[in-house]
Amino acid sequence: MYDIISGINDNFCNWRYTKGRRPSSANSRDKSMYDGWFTSFETKDNTNFQILIQVEDWDFVSLPNVYVKAPLPDYIQNLLPLAHFSIDKREYKGDWYYSVCYSLHDAYELKISDPLGVLGWVLDKTKIIIEALIKNKRHRSDEFLRELTPIWQSIASYHSSNLIKSNDAAVQSIHDLLLPVIYDLKQGWHLVPWIVKDGHIEANTLIIHIPSKQLAKIPSMPSVFIDVKSSKGIPLKYFLLWLKQWSHVAFRLIVSEIASNIERHRETTLYFPVCLVVDKQLLSLCIELENLKELVSGSASKHLKLANHSKLLSNSKVVFSSAVNLTPNFLFTRNLDNLEQPNLIGKNIALLGCGAIGGYLGLSLARLGAGASGGKLTLIDSDIFQEENIGRHALGKAYLHRMKASALKQEIAQQIPDLNIEVHNINACNRSILKNISNYDLIIDATAKIEASETINKFFFDSDGKTPPLIHSWIRGNGECVQALYNDKDTNYACRSCINKSGNSIREEYDALKGMTAARSFMACADFTPFAVSASMSAAALTIDMILDWLQGDVSPRYRTRYTEKWMGEKIESKDYAPSLECHICKIN
């Protein structure tokens with residue numbers, strides 16, 4: 001390490017070595033000491049910036065941290081809050097610094113064996129970021145909009161930390177409201193009951209859905225938003241003036257609902273939670289109401305007038321908060337939007353079997369949006385979750401001796417709330433279930449038992465009228481491969497009974513493990529086929545891939561096999577197989 005530090009000192013002659021703790025606000029618990037360097041650079045207009053570069057990880061898995069010394073020149077200070085700059089200043093050896101984000105996470109490739117090169121790259125990136133922000137107004141605006149949520153959350157953290165330190169009980173109570181959880185969003189606006197005490201609603205959260213086109217109209221925030229006087233909340237007057245610039249609708253709704261809220265809960269309400277929803281971004285805040293109550297006397301329709309009540313509006317505070325976005329539009333589209341990949345939002349999906357494969361499938365289907373926004377996920381299984389299931393199931397000991405379908409519903413609800421999930425703790429082959437198959441958009445057979453699959457397959461082909469597609473999923477051998485098959489009555493391809501008939505061997509042309517005999521294990525009055533949990537997960541993954549292809553409108557290949565690397569025997573190709581002439585199901589329909 002000494003050689004590296006000496007090399008940096010020799011090659012960067014205007015860099016000055018320092019060792020100290022991470023720049024932080026007061027009472028930081030991090031006592032670690034890190035290598036760092038003071039340096040500086042000038043922009044094209046001769047503005048000088050004093051820089052601290054600090055290395056916490058010499059393997060550069062985490063990039064060095066960069067800080068810009070305060071105070072900044074006045075014309076730059078007045079631009080704050082800026083994208084890539086921290087909201088609050090951090091202290092380092094008696095001076096104050098702003099943290100600067102100069103690179104996207106995982107968006108860099110560096111030669112980590114060259115520390116000098118890495119540090120030179122860090123400084124160059126910092127210069128480029130700062131130059132662009134202070135010189136290019138359009139770039140500054142674009143970056144602000146792209147970083148709107150992180151900036152909002154930074155101000156929320158700034159407010160939160162100062163509220164916690166406050167000795168004012170009324171002010172501290174606002175902190176309890178700083179984490180609204182938004183489950184679903186309607187267009188327009190609506191009120192959601194938020195605080196309930198002894199069965200009485202003490203406050204409502206006003207949810208305002210602002211059209212995405214308004215996002216481009218949002219101006220940069222005024223510097224008063226992060227002024228030291230706003231450390232425990234922004235003066236309401238300045239917030240409303242900023243909001244009015246880009247959304248008259250939101251401005252009018254908030255002003256109107258403040259008055260209405262005070263009228264409804266005059267004696268108890270201290271604050272009014274609001275959440276602005278703009279293009280999947282949640283901008284959450286609380287408005288302190290105590291100083292506004294005298295503005296509202298009589299009709300709740302009376303509007304607050306900025307000009308007439310400037311002093312009271314200045315004394316009332318707005319506290320930013322961090323909302324948790326659990327809306328379907330965010331949860332289930334975030335990872336698929338750029339891939340132009342549809343999801344399961346709004347669709348009715350039936351999962352037959354909630355065992356080793358079905359447990360992982362149920363959780364994955366939920367993450368694709370099954371049961372959200374008018375859709376429904378139906379879980380069907382008559383088995384009880386036992387000790388011997390834990391080793392290869394998605395569920396754990398908390399669900400022992402519970403019905404698998406009900407337990408899986410509860411686990412999904414704990415991870416992904418507000419989904420429409422229906423449970424039937426009955427056999428997947430029950431005719432009361434199968435006779436309603438036309439109600440679904442897709443049926444998934446995860447029973448992994450040929451007897452059950454054959455019954456489901458027969459009912460599928462015997463049904464009159466339109467039936468949804470059917471996907472079978474199962475594990476072969478002791479997990480040497482997993483398979484999935486897509487069935488559609490309107491096409492002439494192999495069905496599950498083409499592959500093998502119950503009580504019979506798999507037909508040779510469809511056999512993925514030719515010549516292989518699976519090991520069996522016995523316990524009490526039962527036997528089972530042992531396989532690792534990886535087989536359960538692999539089968540679920542293969543099925544999800546097929547579902548994604550179905551959503552895209554191209555399910556080929558319909559018969560898929562995914563082998564482990566350990567299988568050295570003959571392999572079959574994943575493709576669209578023709579039906580067997582000996583099939584007793586599809587060839588007679």
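Q: What percentage of the 589 residues in the protein chain is made up of buried residues?
A: This is a predicted model, and its secondary structure comes to 16 helices and 23 strands. A residue is taken as buried when its relative accessible area is under 20%. By that criterion, the share of buried residues in the protein chain of 589 residues is 49%.

Q: In what order do the 6 strands of the open sheet lie?
A: The pairing in this open sheet is antiparallel, and the twist from one strand to the next averages 40°. Two strands, β1 (16–20) and β5 (90–92), pair on one side only and are therefore the edge strands. With these at the edges, the order is β1-β2-β3-β4-β6-β5.

Q: Which residue of β6 is the bridge partner of Y67?
A: Strand β4 covers residues 65–69 and strand β6 covers residues 95–100, and the two pair in the antiparallel sense over 4 bridges. In general, strands of a sheet pair through backbone hydrogen bonds, either parallel or antiparallel. For Y67, the bridge partner in β6 is S99.

Q: Which strands does helix α3 touch where it packs on the sheet?
A: Helix α3 spans residues 115–135, and its direction makes about 45° with that of β2. Packed on the sheet in this way, helix α3 touches β2 (34–42), β3 (48–55) and β4.

Q: Is α3 roughly parallel or roughly perpendicular to α4?
A: Helix α4, residues 137–146, packs with α3 at an angle of about 110°, and their axes are 5 Å apart. The contact is made by A132, L133, I134 and K135 of α3 together with K137, H139, R140 and E143 of α4. Because angles of 65 to 115 degrees count as roughly perpendicular, the arrangement of α3 relative to α4 is roughly perpendicular.

Q: Which element gives the most residues to the largest nonpolar core?
A: In soluble globular proteins, nonpolar side chains tend to be buried together. The largest nonpolar core here has 76 residues, and those with the most contacts inside it include F85, M221, I254 and F320. The element that gives the most to this core, with 8 residues, is α3.

Q: How many residues belong to the second, separate core?
A: Apart from the largest core, there is a second one that includes A446, A484, A540 and L542. The size of this separate core is 47 residues.

Q: What percentage of contacts between residues at least 6 apart in sequence join residues at least 24 apart?
A: One example of contacts away from sequence neighbours is I254, which, leaving aside those within four places, is in contact with residues including L206, F239, F272 and I287. Across the protein chain, among contacts between residues at least 6 apart, the share joining residues at least 24 apart is 65%.

Definitions and conventions:
Residues are numbered from 1 along each chain as its sequence is written. This is a predicted model: local features need pLDDT of at least 70, side-chain atom pairs count only at pLDDT 80 or more; totals for chains, interfaces and linings use all residues. Side-chain values use heavy atoms; hydrogens and water are left out. Axes are lines fitted to C-alpha atoms, for helices over the stretch in contact, and angles run from 0 to 180 degrees between N-to-C directions. Contact means heavy atoms within 4.5 Å. A nonpolar core is a set of buried Ala, Val, Leu, Ile, Met, Phe, Trp, Tyr and Cys residues joined through side-chain atoms within 4.5 Å. Buried means under 20% relative accessible area, exposed over 50%, partly exposed in between (1.4 Å probe, protein chains only). Angles under 35 degrees count as roughly parallel, over 145 as roughly antiparallel, 65 to 115 as roughly perpendicular and the rest as oblique.
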